[in-house]
Amino acid sequence: MNIEDLKLLEKAARAAYLPWDQWVEEGNASWNALDDDGDALQLAVIVGVRIETPKYKGFGTSVSPLNGATGVTVFREDRFEQTRRAIVMAAANIYDKANGI
């Protein structure tokens, strides 16, 4: 996992108030909403987002935080991957807004 993804996951986990030891083991993410559908869905429910997914390939997934933080739209070949990434990015934006970043 690259450092940018690790930082993104850290912000998303902090937005969901997940304890450090629940999602990181010696620098390796054990909770990984970028790769795991279940983790991404739990994150979406905990932080509160609206998700608009495409019916067909070639369209982006849009995720809008319910707290007014900046929403995101992600385009990827794999619609499931793009949805997970959009959820994590929106959660990171929620963390940023809550912390004045």
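**Note on helix α4 and the sheet it packs on**

1. In this predicted model, helix α4 has the following buried residues: Gln82, Thr83, Arg84, Arg85, Ala86, Ile87, Val88, Ala90, Ala91, Ala92, Ile94 and Asp96. Their packing partners are α1 (3-15), α3 (37-47) and the strands β3, β4 and β5.

2. The dimensions of α4 may be noted next. The helix contains 20 residues and spans 29 Å from its first C-alpha to its last, close to the 28 Å expected at 1.5 Å a residue.

3. Both ends of α4 merit a remark. At the N-terminal end, aspartate 78 acts as a cap, with a side-chain oxygen 2.7 Å from the backbone nitrogen of phenylalanine 80. After the helix comes glycine 100, which has a positive phi near 65°.

4. Arginine 84 belongs to α4. Is this residue buried or exposed? Arginine 84 counts as buried because its relative accessible area is 12%, which falls under the 20% cut-off. Leaving aside residues up to four places away in sequence, arginine 84 touches Ala33, Leu34, Asp35, Asp36, Asp37 and Ala40.

5. The sheet is open and consists of 3 strands in the order β3-β4-β5, with antiparallel pairing. Its edge strands, each paired on one side only, are β3 (49-52) and β5 (72-74). From one strand to the next, the twist averages 15°. Helix α4 (residues 79-98) packs on this sheet and touches β3, β4 and β5, and the direction of α4 makes about 20° with that of β4.

6. The pairing can be followed residue by residue. Strand β4 (residues 61-65) is joined to β3 by 4 bridges, and the two run antiparallel. Isoleucine 51 has valine 63 of β4 as its bridge partner, and glutamate 52 has serine 62 of β4. On the β5 side, 3 bridges join β4 to β5, again in antiparallel fashion. Here serine 62 has threonine 73 of β5 as its bridge partner.

7. Which side chains of β4 point to one face and are buried? They are Thr61, Val63 and Pro65, whereas Ser62 and Ser64 point to the other face and are not buried. Serine 62, bridged to glutamate 52 and to threonine 73, is thus among the side chains of β4 that are not buried.

8. The connection between β4 and β5 is a hairpin with 6 residues between the strands. Within this hairpin, glycine 68 adopts a positive phi near 90°.

Methods:
Residues numbered from 1 in each chain as written. Predicted model: local features only at pLDDT ≥ 70, side-chain atom pairs only at ≥ 80, totals over all residues. Heavy atoms only, no water. Pairing = 2+ DSSP bridges. Axes fitted to C-alpha atoms, helices over the stretch in contact; angles between N-to-C directions. Contact = heavy atoms within 4.5 Å. Buried < 20%, exposed > 50% of the residue type's maximum accessible area, 1.4 Å probe, protein only. Expected span 1.5 Å × (residues − 1). Polar contact = N/O pair within 3.5 Å; in protein donor to acceptor, adjacent residues only side chain to side chain.
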